[in-house]
Each structure stands twice: as structure tokens, then as C-alpha cells.
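Biologist: Let's go through this one together, and I'll keep asking how you justify each label. Can we put the chain up first?

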Amino acid sequence: MKILHLFYDLMNLYGEYANTLALQRALSEKGRAADIERLSVGDTLDFSSVDFIYIGSGTEKNQKVALEYLKPYADQLKSVLADGKILLATGNSFEMFGKTITDRNGVQYDGLNFFDFTVTEGKERIVEDISAEFDGKKVIGFINKASQIEGVKKPLFSIKQGVGNCTNSSNVEGIQADSFYGTHIIGPLLIRNKCMADYFADLLINK
């Protein structure tokens, strides 16, 4: 199997690279080998040759760089997701897949438009520990963001403690739509929550 760590340099705050290592280890424990490929701005992207795509968290500035680089590849990425490739985006990387991102100065950026949600960045950061639930299991981590996300139709997590997507929907967090998974929870997510690493490993094995 092949795991793609996309924007491994631009979108890699908080040691998020370790999510790919946790998934690789979970697969190994289940008897399946996986290689990790690392690509970023300047590389030609071909999603057809990978099984799992991971994007981590970055600064707001780097997020916009990654967003612009991904736009020419949006149709290809939509196609492979429709075919069952799995994508996990943690931190603010999943914001790129919505309709728009409005920054703290009121400048609006077009997102990749995979989903209808909108993102509004504020001037104050939200930094909190978080406890959530996924598939009946407890998930922990923390959030460090400056954004409110509205219009998510299918959240990934139910929140037990901490902040959700926005102040109007603080009891839910992230997004999950078919083979796309997005969350602001960092930590790294798959290091602190083996149940999540095992979940994605099982998805890959059984797909």
C-alpha cells in the first residue's frame, strides 16, 4: 500500500507528520506493509497511484499556498475519492475543501468546492483541549485555530468537551463525506488515538 503525505513541508505544524507513521504502524500490526510518499509544491501530483492521502495543519499563509497549488488537481482528486481513495485532512487543511475562506482582513479565497461549508478566519485564536466521540469510541486531542466553519452537513465527531466547528454548532466537529475525513483535532490525531489509526488501517485493508 502507499500513503501519500501531501504538503509534508508546508502543512506540518505540531508534528503532524507522525499521523502517517501511526497509520503505517497500524497497517504493519495487521500484516500489511505500506510505503510513505512525500510530495509538495513543485511536484507533479498523481493520486491514482496511492491508497491514502494525508494533509496536515499549517499556518494560514501556507494554507493559501497549498490551496492554490491544489486547484489544478481538483478534478483528479475528486475522481479518485469517488473511486474510494481515502483522504484525511487535519488542522486547517480541511478548510481548503469548502466553498470559500475569508481571512481576518476580509479577503475571500475560493476553496476547492468539494463541500458547501464556508470558513471565516478571526483575529483571535481558539486553543483548547478536546474530547470527542467517534464510532462509539473516545477521541482526544487539541485544537489551535482562528476560524469558524459553517454549513457542514455531516460532521465527523460529536464533541464532549471543547469547541466544535463554530460557536453555533459547538457540539459537532470536522466533516466526513464518503472517503473524505476532515478535522481540526491535532495532537497528532492518530498517535494519541490508536482507535482512529486502526479504523483507517481497517478501511484500507477491507476496501
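**Labels and the values behind them**

Biologist: Let's start with a bridge: which residue in β2 is the partner of Leu6?

Modeller: The bridge partner of Leu6 in β2 is Leu39. Before we go on, this is a predicted model, in which local features need pLDDT of at least 70, side-chain atom pairs need 80 or more, and totals for chains, interfaces and linings use all residues. Numbering runs from 1 along each chain as its sequence is written, and side-chain values use heavy atoms, leaving out hydrogens and water.

Biologist: What makes β1 and β2 a pair?

Modeller: Strands pair if DSSP finds at least two bridges between them. β1 (residues 2–6) and β2 have 5 bridges, in the parallel sense, so they meet the rule of at least two. The element names come from DSSP runs numbered from the N terminus: H or I of at least four residues for helices, E of at least two for strands.

Biologist: And what is the strand order in the open sheet?

Modeller: The 6 strands run β2-β1-β3-β4-β12-β11, with mixed pairing. β2 (35–39) and β11 (175–177) are the edges because each has a single partner strand, leaving one side of each without a neighbour in the sheet. Ignoring direction, neighbouring strands here are turned by 15° against each other on average; axes are lines fitted to C-alpha atoms, for helices over the stretch in contact, and angles between N-to-C directions run from 0 to 180 degrees.

Biologist: How do you know that β7 and β8 pair, and in which sense?

Modeller: Same bridge rule again: β7 (residues 118–134) and β8 (residues 137–150) share 13 bridges, in the antiparallel sense. One of the partnerships is Ile126 with Lys145 in β8. Their hairpin has 2 residues between the strands, and Asp135 lies in that loop between β7 and β8.

Biologist: What makes Asp135 stand out in its backbone?

Modeller: Its phi is positive, about 55°, although it is not a glycine. Most residues other than glycine have a negative phi, and most peptide bonds are trans. Asn113 is another such case, with phi near 65°, in the loop between β6 (108–110) and β7.

Biologist: Why do Asp135 and Asn113 get their accessibility labels?

Modeller: Buried means under 20% relative accessible area, exposed over 50%, and partly exposed in between, using a 1.4 Å probe and protein chains only. Asp135 has 57%, so it counts as exposed. Asn113 has 41%, so it falls in the partly exposed band.

Biologist: On to the rings: what makes Phe134 and Tyr199 an edge-to-face pair?

Modeller: Rings of Phe, Tyr and Trp (its six-membered ring) pair if their centres lie within 6.5 Å; planes under 30 degrees apart count as stacked, over 60 as edge-to-face and the rest as tilted. By this rule there are 16 aromatic pairs. For Phe134 and Tyr199 the centres are 4.8 Å apart and the planes stand at 85°, so edge-to-face is the label. The pair ties Phe134 in β7 to Tyr199 in helix α5 (residues 194–206), 65 residues apart. Phe134 is buried at 11%, whereas Tyr199 is partly exposed at 22%.

Biologist: And why are Tyr181 and Phe200 called edge-to-face?

Modeller: Their centres are 5.0 Å apart and their planes at 85°, so the pair gets that label too. Tyr181 sits in β12 (residues 180–183) and Phe200 in α5, 19 residues apart. Both Tyr181 and Phe200 are buried. These four rings join Phe52 and Phe157 in one aromatic cluster.

Biologist: What describes the packing of α1 and α5?

Modeller: Helix α1 (residues 18–29) packs on α5 at about 65°, with the axes 9 Å apart. The contact, meaning heavy atoms within 4.5 Å, includes Leu23 and Leu27 of α1 and Phe200 and Leu204 of α5.

Biologist: What makes the bond between Gly187 and Pro188 cis?

Modeller: Omega is about -5° there. Pro188 lies in the loop between β12 and α4 (189–192).

Biologist: Which residues does Ala18 contact beyond its sequence neighbours?

Modeller: Leaving aside those within four places in sequence, Ala18 contacts Pro188 and Ile191. Ala18 and Pro188 are 170 residues apart in sequence, yet 6.6 Å apart in space, C-alpha to C-alpha. Ala18 belongs to α1 and, at 11%, counts as buried.
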